[in-house]
Amino acid sequence: MSEFTQIKLDIDDGIATITLHRPEKMNAFTRTMMAEIIAAMDAIDADDAVRAVIFTGHGDRAFCAGADLTPDDGAKPFASNEAVGDLSDPLVRDGGGQVTLRLFNSTKPLIAACNGAAVGIGATMQLAMDIRLAVETARYGFVFARRGIVPEACSSWFLPRLVGIQQALEWTYTGRIFDAQEALAAGLVRSVHPQDKLMGEARALAREVAENTSAVSVALTRAMMWRLSAAEHPMMAHRIDSRAIYRMARTPDAAEGVASFLDKRPPQFPMKPSRDMPDFYPWWDEPGYQ
């Protein structure tokens, strides 16, 4: 879309690719990039033709080198220049957190294809994505303590869930840079690939989702996994599982899923997330910033 200046959005055959695009600054994050990622996700979620989303960075050096420490507008790199009297003021809100919260609420599966350095927000924004692939030369760093700040982008919620509290604390306490193999061993990434194979692997994964699954089933599954894994008791999951199975079992998608299996043919699921989500969705009250 031509209105974007710091990202590129390409949609091809049901797969959207968001490329962080600031080649002169290793795709460093700005408030403009924040707004453009959110706008792109709004457009993607409204487009039923899109079945999966891949995030990557421009070039072969960096996915995102973190927050732009020398922004062109002279603003402070980590927070607003404006003083506030109330920490509930929207000016206080972390830009990285606004991105990850938008990713968290996506109805489409999100795949990170980390093509190089991913430092600070470059690492933490990937935590809200569902599956992370990395190039062999990728480097990660949760460097906040080395910059005199703290982890952002809701990473204190996401990171321990992905790699466990001990590993999350080590990486954030030390702020050290680590390589793709360490990320793989800790479970931060699903797989590591040569640079020339990375996007092909990511697209193959996205294509598997697009060609074989119900978009409504995937949207429900994504919300269930992210929201119910942190519930206080498995009964919370049982309530939603039961409602979802009961409603979906009576839908055209369920009929098509069975028919295509019996007929030994690819499915053609008719339902669309924009119009066909079950009546109990969403089952949660979205909290505001206070």
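Reader: What makes the meeting of the Arg 227 and Glu 286 side chains a salt bridge?

Author: A salt bridge needs a side-chain nitrogen of Lys or Arg within 4 Å of a carboxyl oxygen of Asp or Glu. Between Arg 227 and Glu 286 the N to O distance is 3.4 Å, so the pair meets that cut-off. This pair links distant parts of the chain: Arg 227 sits in helix H8, Glu 286 in the segment after helix H11 (273–276), and 59 residues separate them. Side chains of opposite charge can pair when their charged atoms come close.

Reader: What kind of model is this?

Author: This is a predicted model, in which local features need pLDDT of at least 70 and side-chain atom pairs count only at pLDDT 80 or more, while totals for chains, interfaces and linings use all residues. Residues are numbered from 1 along each chain as its sequence is written, and side-chain values use heavy atoms, with hydrogens and water left out.

Reader: Why is Arg 227 called buried, and what is Glu 286 called?

Author: Buried means under 20% relative accessible area, exposed means over 50%, and partly exposed lies in between (1.4 Å probe, protein chains only). Arg 227 has 19%, so it counts as buried. Glu 286, at 44%, falls in between and is therefore partly exposed.

Reader: How many salt bridges are there by this rule?

Author: The count comes to 16. One of them joins Asp 130 and Arg 222, whose closest N and O atoms are 2.9 Å apart. Here too the pair links distant parts of the chain: Asp 130 is in the loop between helix H3 (121–124) and strand E7 (131–135), Arg 222 is in helix H8, and they are 92 residues apart. Arg 222 is buried because its relative accessible area is 6%, whereas Asp 130 is partly exposed at 25%. Another salt bridge joins Asp 276 and Arg 275, with the closest N and O atoms 3.0 Å apart. Arg 275, at 57%, is exposed, and Asp 276, at 22%, is partly exposed. Salt bridges that share partners also bring Arg 22, Glu 24, Lys 25 and Asp 68 into one network.

Reader: Helix H8 has come up twice. What makes residues 215–228 a helix, and what span does it reach?

Author: Helices (H or I, at least four residues) and strands (E, at least two) are DSSP runs, numbered from the N terminus. H8 has 14 residues and reaches 20 Å from its first C-alpha to its last. The expected span is 1.5 Å times one less than the number of residues, and for H8 the expected value is 20 Å, to which the reach is close.

Reader: Why is H8 described as largely enclosed by the rest of the structure?

Author: Eleven of its 14 residues are buried, so the description fits. Among the buried ones are Val 216, Leu 220, Met 224 and Trp 226. Trp 226 also belongs to an aromatic cluster with Phe 104, Trp 157 and Phe 158.

Reader: What makes Phe 142 and Phe 178 a stacked pair?

Author: Rings of Phe, Tyr and Trp (its six-membered ring) pair if their centres lie within 6.5 Å; planes under 30 degrees apart count as stacked, over 60 as edge-to-face and the rest as tilted. The structure holds 14 aromatic pairs. In this one, the centres are 6.2 Å apart and the planes differ by 25 degrees, so "stacked" is the right word. Phe 142 lies in the loop between strand E8 (139–141) and helix H4 (155–163), and Phe 178 in strand E9 (residues 177–179), so the pair ties together parts that are 36 residues apart in sequence. Phe 142 is buried at 0%, and Phe 178 is buried at 2%.

Reader: How many disulfides does a search of the whole structure find?

Author: The search finds zero. A disulfide is a pair of cysteine sulfur atoms within 2.5 Å. The sulfur of Cys 64 has its closest cysteine sulfur in Cys 114, 9.7 Å away, so the gap is too far for a bond. Both residues are buried: Cys 64 has 0% relative accessibility, and Cys 114 has 0%.

Reader: Which strands stand at the edges of the open sheet, and why?

Author: Six strands form this sheet in the order E1-E2-E3-E5-E7-E10, with mixed pairing. Strand E1 (7–12) and strand E10 (191–193) each have a single partner strand, so one side of each is left without a neighbour in the sheet.

Reader: How do you know that E3 and E5 pair?

Author: Two strands pair if DSSP finds at least two bridges between them. Three bridges join E3 (residues 52–57) to E5 (residues 110–114), so the rule is met. These two strands run parallel, and Val 53 has Leu 110 in E5 as its bridge partner.
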